[in-house]
There are 2 protein chains.
Amino acid sequence: MKVAEAQTRRKMGRPMSFDRQTALQKAMLAFWRTGYETTSVNDLTAAMGITAPSLYTAFGDKRQLFLEAARLYLGDPADIAREIEGAPTAFDAARTMLTAAAQAYTGELTPRGCLMASATASGSAASADVQAIVAGLRGEIERHLRARVIRDINEGVLPPQTDPAALSGLVMAVTQGLSVLARDGADRVALLGIVGAALAAWPANRIEGTTA
Amino acid sequence: MKVAEAQTRRKMGRPMSFDRQTALQKAMLAFWRTGYETTSVNDLTAAMGITAPSLYTAFGDKRQLFLEAARLYLGDPADIAREIEGAPTAFDAARTMLTAAAQAYTGELTPRGCLMASATASGSAASADVQAIVAGLRGEIERHLRARVIRDINEGVLPPQTDPAALSGLVMAVTQGLSVLARDGADRVALLGIVGAALAAWPANRIEGTTA
DNA sequence: TGGCTTTCATAGTGATTGCTATGTATCTTG
DNA sequence: CAAGATACATAGCAATCACTATGAAAGCCA
């Protein structure tokens, strides 16, 4: 018996003729490339290789499809939390995150920049809720980072006068800013250089911080 | 005789019943708030208080209106160049620019964030040229910054191993990133804190760089 | 095979997109 | 006061928007 099919199928009619996960990934790439509101359902169906009714029965509507695509893009939030909290220091967490961003934003098989940064960077009032959800996801990452900085302060790894919000905010700002530069054409080396420069801002890690 | 009118009018028919500059500013605010493609002509005419035919005779089309609004937003490029090149050091130029951004992005009378950062952050292929123009304007600022950093290196203000592109790129990235955070709801104090943290990345200015 | 269920492709829904044709109102010039 | 020129308001253009009604196709179970 096929496990994957048996789960979702309930009264077994005609099976889907396309792979849902593959189609979702194509949709993610389309949103990544051209944004949430500015990617039409027509663009999506073309990219996914399915018709509009198939899209709507499989994913609900454009909004739900985007949210699911964003979840696929971001990965499991618990993984991100683990990655930040499990790092040796907040500096390591920041370096890992920024380096990963610089590489992810300049992949050769994916669109430039960051889906979370660009897809809902602006939009009409009709999509305010989607923009808010994406903003919330960003905020979650920032809170984890800030908590990790505070832990470093409490453990004496960072000096007590360190401003946690300023430091976590800087990492977030650079992460989002790298996306803009990547979209503008900056290559991976340039982005990694910026990451190195940004990490030089880290207190008590100034000597160790590489400058690319 | 009224000078301003005499310049543009050629064969003098019925005069415009609205102030062109005021209408342009309203359009700028609309684009600022909801982006280039995601602000409809209907939204624009409503914000500007004029009808569609008036908009098209006065500004050409939506694309030209946006480009003119972007020019109004950014101000004279020569002023920006002067501001950067006229600063005592590259650090001062960066601090001035970042501080001004943090304040401009959190104005109470204007939309959050930066028009240049958000309005064309993503879009369909149909607006690729507009996105490219805005990207070009960003690139111009970055080049000025980079040249200012190089001058500091040559004059011994910055250490010779300084990476100019990394430093100018960092300022650009933080500038763009601040816009995202401002749109997400970060207040002025938070943004200025991030600016302070970013300036701590500046070589040979680490001690002087404020962190609040 | 004959129901039953679900997905498929075709085609089209009303609403909105950027933009404009048309005719009238309002100005300057002679 | 005409003639000429321009901007005005109304109304509507074709195209596209997100989305769906409809009926045939394709699977399972009896």
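1. In this note, a residue is called buried when its relative accessible area is under 20%. The structure is a predicted model, and the points below concern salt bridges and the exposure of the residues that form them.

2. B:Asp152 has a relative accessible area of 1% and is therefore buried. The value for B:Arg148 is likewise given as 1%, so B:Arg148 is buried.

3. These two residues of chain B are joined by a salt bridge, in which the closest N and O atoms lie 2.7 Å apart. Helix H9 of chain B, residues 128-154, contains both B:Asp152 and B:Arg148. They are separated by four residues in that helix, about one turn.

4. In chain A, a salt bridge links A:Arg148 to A:Asp152, with 2.7 Å between the closest N and O atoms. Both residues belong to helix H9 of chain A, which covers residues 128-154. Their spacing is four residues, or about one turn of the helix. A:Arg148 and A:Asp152 are both buried.

5. A further salt bridge in chain B pairs B:Glu155 with B:Arg151, the closest N and O atoms being 3.4 Å apart. B:Arg151 has a relative accessibility of 33% and therefore counts as partly exposed.

6. Over all chains, a search of the whole structure identifies 16 salt bridges. Among them are the pair A:Arg148 and A:Asp152, the pair B:Asp152 and B:Arg148, and the pair B:Glu155 and B:Arg151.

Technical notes:
Residues are numbered from 1 along each chain as its sequence is written. Chains are lettered from A and ligands numbered from 1 in the order in which they are written. This is a predicted model: local features need pLDDT of at least 70, side-chain atom pairs count only at pLDDT 80 or more; totals for chains, interfaces and linings use all residues. Side-chain values use heavy atoms; hydrogens and water are left out. A salt bridge is a side-chain nitrogen of Lys or Arg within 4 Å of a carboxyl oxygen of Asp or Glu. Helices (H or I, at least four residues) and strands (E, at least two) are DSSP runs, numbered from the N terminus. Buried means under 20% relative accessible area, exposed over 50%, partly exposed in between (1.4 Å probe, protein chains only).
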